[in-house]
Amino acid sequence: RTNPVSALDVNGTVTATAFAGNASGLTNLAIPSLANYVFSFCTNSQTVVSEGTFQDIANYTDASISGWTHAASAASFTNAQTGLYLVHYDGEASFTVANVAGTFSLRAVANGAEIPGSQSAAYGLGSSPTENQAVVLPVSKSFIATFNAGDILKFQFTGTAGTGLAANTGSGTTRPSFSFTCFSNSSALASSPWTMKTSGSF
């Protein structure tokens, strides 16, 4: 500017590959929210309805959620911010048909399509009639996926007859049949140059 009022006084756009300092004095910057995470779980047992057909996991309780939209007990989680996310889930696969081997599969889907690499499976044998209890095996998977704003995340399961997700196993206070954690990777914010509009002050 012709008559600057500070050491750096620019009427326009400033672009740089890097800025030094902690940026504590900058104003009017559009910085994406980092608070995008979900930790949710189910405390009820769920049984395979149709052998070999994937069905939604529902009846969630949201322990922690920010940046995602989820209606109480619904199967769908809707993302609000495009980004790279780390997802991890755990399920308690149950096999209830005595002396019969069964298979159980669990997967994540985005907008109705399976997320490649998200499926996990278990193969078990139901207990004998004299033991009168189901065999429960853990199934889990971690994966990284890109979710766009508006994408819908669900988890689904299927298996042979007599399989499902078992709640209240173990001895803890809260004993879920299924739980998952999802949070964004914010490291991308530091990898690209800043372009800063000087409509504000710094």
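Start by selecting C182: at 1% relative accessibility, this cysteine counts as buried. Keep in mind as you look around that the model is predicted. Now add C42, which is buried too, with a relative accessible area of 0%. How many disulfides are there to look for? The count is zero, so don't hunt for a covalent bond between the sulfur atoms of two cysteines, which is what a disulfide is.

Next stop: charges. Side chains of opposite charge can pair when their charged atoms come close. There are two salt bridges in the structure.

For one of them, select D56 and K154, whose side chains meet with 3.1 Å from N to O. Zoom out a little and you'll see that this pair links distant parts of the chain, with D56 in strand β4 (residues 55–56) and K154 in strand β13 (residues 152–159), 98 residues apart. Are these two side chains hidden away or out in the open? Switch on the surface: D56 is partly exposed, at 29% relative accessible area, and K154 is partly exposed as well, at 22%.

Now pick E114 and R107 for another salt bridge, at 3.0 Å from N to O. With the surface still on, check each partner. E114 counts as partly exposed at 33% relative accessibility, whereas R107 is buried, with a relative accessible area of 15%; the cut-off for buried is under 20%.

Don't deselect R107 yet. Which ring does its charged end sit over? Add F54 to the view: the charged end of R107 is 3.8 Å from the centre of that ring.

On to the rings themselves. The structure has 13 aromatic pairs. Select W68 and Y85, an edge-to-face pair with 5.5 Å centre to centre and 80° between the planes. W68 belongs to strand β6 (residues 68–69) and Y85 to strand β8 (residues 83–95), so you're looking at a link between distant parts of the chain, 17 residues apart. Both of these residues are buried.

Stay on Y85 and bring in F147. Why is this pair edge-to-face? The ring centres are 5.7 Å apart and the planes sit at 70°, and planes over 60 degrees apart count as edge-to-face. Because Y85 lies in strand β8 and F147 in strand β12 (residues 135–147), the pair ties together parts that are 62 residues apart in sequence. Turn the surface back on and both count as buried, Y85 at 1% relative accessibility and F147 at 0%.

For the last stop, select Y60, F77, Y89, F155, F178 and F180 together: they form one aromatic cluster.

Key: Residues are numbered from 1 along each chain as its sequence is written. Side-chain values use heavy atoms; hydrogens and water are left out. A disulfide is a pair of cysteine sulfur atoms within 2.5 Å. Buried means under 20% relative accessible area, exposed over 50%, partly exposed in between (1.4 Å probe, protein chains only). A salt bridge is a side-chain nitrogen of Lys or Arg within 4 Å of a carboxyl oxygen of Asp or Glu. Helices (H or I, at least four residues) and strands (E, at least two) are DSSP runs, numbered from the N terminus. Rings of Phe, Tyr and Trp (its six-membered ring) pair if their centres lie within 6.5 Å; planes under 30 degrees apart count as stacked, over 60 as edge-to-face and the rest as tilted. A charge sits over a ring if NZ of Lys or CZ of Arg is within 6 Å of the ring centre and within 35 degrees of the ring normal.
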